[in-house]
There are 2 protein chains.
Amino acid sequence: MMQAELLKIRINHQGNTALGPGKIELLQHIAQHGSISAAAKQMRMSYRRAWELVDMMNRSFDQPVVVSTTGGAHGGGAQVTAFGQALMLAYAQILQKTAQAAADELHLINQHLKKI
Amino acid sequence: MMQAELLKIRINHQGNTALGPGKIELLQHIAQHGSISAAAKQMRMSYRRAWELVDMMNRSFDQPVVVSTTGGAHGGGAQVTAFGQALMLAYAQILQKTAQAAADELHLINQHLKKI
DNA sequence: TCTCGTAATGTATGTTTGAATATAACGATG
DNA sequence: CATCGTTATATTCAAACATACATTACGAGA
């Protein structure tokens with residue numbers, strides 16, 4: 001079996017996390033639902049917090065990761081921009097490549113992590 | 001110039017961080033000084049917290065990362081075990097290999113992270 | 001047996017973080 | 001122009017976390 005979630009990777013930006021597991025998962029849900037509130041609900045996260053994470057990402061990069069509209073037929077919504085999707089793809093590739101590159105060391109470490 | 005600290009890597013163990021930047025730095029200082037309290041002082045961390053990090057590491061792995069003696073001529077001390085040193089080496093190699101493996105994606109992301 | 005510096009543990013306080021709640025702004029649609 | 005669900009923001013509360021401080025345990029050496 002493949003060792004599940006041994007490696008956690010974050011992209012640092014001035015002491016904060018510009019991109020990490022949580023923000024990426026949130027982006028996936030937003031892309032899927034077209035809504036911050038629906039994404040938050042599915043992740044059992046407060047809307048407030050989800051919005052803050054989105055805002056943090058938008059302020060970390062030189063172009064928006066998520067754009068939103070307010071009002072309208074269904075109250076508005078949010079979309080992951082092409083740039084945001086590129087980030088998601090890049091992050092997925094980083095996960096894959098790093099896990100592969102560090103496989104030997106991770107295996108060594110995992111051998112000595114306590115089970116249960 | 002080499003981009004400084006873009007990638008932050010943690011080794012996860014049952015929801016907690018078994019190994020990360022802070023714990024590794026602490027191990028380096030303990031190895032250097034032979035003392036948890038001296039390491040804590042140099043890192044401007046409370047002794048209490050440093051001890052807790054050491055304890056967390058020792059409980060994460062199947063063998064101790066740091067061993068300590070109490071009392072005696074100089075009050076005691078702490079040493080990083082051979083296993084602990086192996087972990088430090090493995091972590092350093094992970095840092096190097098992952099940064100190299102993900103260089104392209106990191107470069108892309110870094111291009112769009114806000115400067116200042 | 002007293003001293004010394006460190007390990008180990010307890011306690012209290014303050015700061016940060018997140019959850020919960022409330023409310024306003026918004027604009028397509030009927 | 002009233003309704004609707006969502007974005008956006010403010011406020012309050014509780015919990016988690018870190019820090020600071022205090023205390024005890026320990027054992028070699030004077």
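Biologist: What makes a polar side-chain atom of B:Arg49 a polar contact of DNA strand D?

Modeller: The atom lies 3.4 Å from a phosphate oxygen of DNA strand D. A polar contact is a pair of N or O atoms within 3.5 Å (within protein, one must be able to donate a hydrogen and the other to accept it, and residues adjacent in sequence count only if both atoms are side-chain atoms), so this pair qualifies. Do keep in mind that this is a predicted model, where local features need pLDDT of at least 70, side-chain atom pairs count only at pLDDT 80 or more, and totals for chains, interfaces and linings use all residues. Side-chain values use heavy atoms, without hydrogens and water, and residues are numbered from 1 along each chain.

Biologist: Which pair involves a base nitrogen of DNA strand C?

Modeller: That nitrogen is 2.6 Å from a polar backbone atom of A:Gly72. The distance is within 3.5 Å, so this too is a polar contact.

Biologist: Why is A:Gly72 called near DNA strand C?

Modeller: A residue is near a strand if one of its heavy atoms lies within 4 Å of it. The 2.6 Å of A:Gly72 is within that limit, so the residue is near. In total, 21 residues surround DNA strand C.

Biologist: How are the residues of that surface divided by class?

Modeller: There are five nonpolar, 14 polar and two charged. Ala, Val, Leu, Ile, Met, Phe, Trp, Tyr, Cys and Pro count as nonpolar, Asp, Glu, Lys and Arg as charged, and the others as polar, so A:Gly72 is polar.

Biologist: What does B:Ser68 contact?

Modeller: A polar side-chain atom of B:Ser68 lies 2.9 Å from a phosphate oxygen of DNA strand C.

Terms used. Chains are lettered from A and ligands numbered from 1 in the order in which they are written.
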